[in-house]
Amino acid sequence: MKRMFDLFLSFFALGFLLPVILVVALLIRLKLGSPVFFRQTRPGKGGAPFQMVKFRTMLDAVDKYGNALPDNQRMTSFGGFLRSTSLDELPELWNVLKGDMSLVGPRPLLMEYLPLYTKEQYRRHEVRPGITGWAQVNGRNAISWEDKFRLDVWYVDNRSFWLDLKILFLTVKKVLFRDGISGQGEATMSRFTGSKD
């Protein structure tokens, strides 16, 4: 039932939001240049890698050694707007259609985090990752990594169709109020370096 719901809603959303997607793509091309999309390998269900696609929100600025500058130096006001409104997430609807992701589930993080999880934290990969999730509607990027993973595992243990509907509703509310967009003192979210426990 969850997969059928994902297919129906993501297909409908892509069609309905196509004008918005085209306008955002054009603005990114004009303001940030090419490429328009940001692609990165992320862990899916069971930790299996997949290519996640988002709209690009940062400049390709590097230091004199060719290393990417910190996020807060590459983030533009336009990129910040895309993130705060979650417009940068719209291309992930394609990942949902492909079956890499679900509309609701733990957010797909970085591949390099996989060996850093505790056994309990790794349970977040028992389900498909989501565009939004229980952690996103309970703090988004403004909560600690430990709290985020605890909420992810809670979702795995308590997931249901009605909980997914609740999360989607709360996500709309979060986006409208632009709540919890980044961690304190960060342009996005600090890197996970392992559990404190």
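**Before you start**

A helix axis is a line fitted to C-alpha atoms, over the stretch in contact when helices pack, and the angle between two axes runs from 0 to 180 degrees between their N-to-C directions. Helices (H or I, at least four residues) and strands (E, at least two) are DSSP runs, numbered from the N terminus. The model is predicted: local features need pLDDT of at least 70, side-chain atom pairs count only at pLDDT 80 or more, and totals for chains, interfaces and linings use all residues. Residues are numbered from 1 along each chain as its sequence is written, and side-chain values use heavy atoms, with hydrogens and water left out.

**Exercise 1. Two helices that pack**

Task: At what angle do H1 and H2 pack, and which residues meet?

Solution.
- Step 1: Find helix H2, residues 18–31, and its partner H1; the two pack at about 60°, and their axes are 4 Å apart.
- Step 2: Name the arrangement: H1 is oblique to H2. Angles under 35 degrees count as roughly parallel, over 145 as roughly antiparallel, 65 to 115 as roughly perpendicular, and the rest as oblique.
- Step 3: Look for the residues that meet, where contact means heavy atoms within 4.5 Å. From H1 come Leu14, Gly15 and Phe16, and they meet Leu18, Pro19 and Ile21 of H2.

**Exercise 2. The two sides of H7**

Task: Where do the buried residues of H7 lie around its axis, and which exposed residues does the face turned away from them carry?

Solution.
- Step 1: Check the length. The expected span of a helix is 1.5 Å times one less than its number of residues. For the 17 residues of H7 (161–177) this gives 24 Å, and the end C-alpha atoms are 25 Å apart, which agrees.
- Step 2: Sort by accessibility: buried means under 20% relative accessible area, exposed over 50%, and partly exposed in between (1.4 Å probe, protein chains only). In H7 the buried residues are Leu163, Asp164, Ile167, Thr171, Lys174 and Val175.
- Step 3: Place them around the axis. These residues cover an arc of only 105°, so they sit on the same side of H7. The arc is that of the directions from the helix axis to the C-beta atoms.
- Step 4: Turn to the face pointing away from the buried side, where you meet the exposed residues Trp162, Phe169, Leu176 and Phe177.
- Step 5: Ask what the buried residues of H7 pack against: helix H1 (2–16), H4, S3, S4 and H6.

**Exercise 3. H6 for comparison**

Task: What span should H6 have, and what do its buried residues pack against?

Solution.
- Step 1: With 14 residues, H6 should span 20 Å, and its end C-alpha atoms are 20 Å apart, which agrees.
- Step 2: The buried residues of H6 are Trp145, Lys148, Phe149, Leu151, Asp152, Val153, Tyr155 and Val156.
- Step 3: Their packing partners are H1, S3 and H7.

**Exercise 4. Charged pairs**

Task: Which parts of the chain does the salt bridge between Lys54 and Asp88 link, and which residues form a network with them?

Solution.
- Step 1: Recall that side chains of opposite charge can pair when their charged atoms come close. A salt bridge here is a side-chain nitrogen of Lys or Arg within 4 Å of a carboxyl oxygen of Asp or Glu. By this rule there are 12 salt bridges.
- Step 2: In the pair Lys54 and Asp88, the closest N and O atoms are 3.4 Å apart. Lys54 is in strand S2 (49–55) and Asp88 in the loop between helix H4 (77–84) and helix H5 (92–98), so distant parts of the chain, 34 residues apart, are linked.
- Step 3: Check burial: Lys54 is buried at 11% relative accessibility, and Asp88 is buried at 2%.
- Step 4: Try a pair inside one helix. Asp147 and Arg150 form a salt bridge, N to O 3.4 Å. Both lie in helix H6, 3 residues apart, about one turn of the helix.
- Step 5: Now join bridges that share partners: Lys54, Asp88, Glu89, Glu92 and Arg107 form one network.
- Step 6: Look at Glu92, which lies in helix H5 and is buried at 0%. Beyond neighbours within four places in sequence, its contacts include Lys54 and Arg107.

**Exercise 5. A proline in a loop**

Task: Is Pro91 buried or exposed, and which residues does it touch?

Solution.
- Step 1: Pro91 lies in the loop between H4 and H5, and at 9% relative accessibility it counts as buried.
- Step 2: Pro91 and Lys54 are 37 residues apart in sequence but 5.2 Å apart in space, C-alpha to C-alpha.
- Step 3: Not counting residues up to four places away in sequence, Pro91 touches Phe37, Val53, Lys54 and Phe55.
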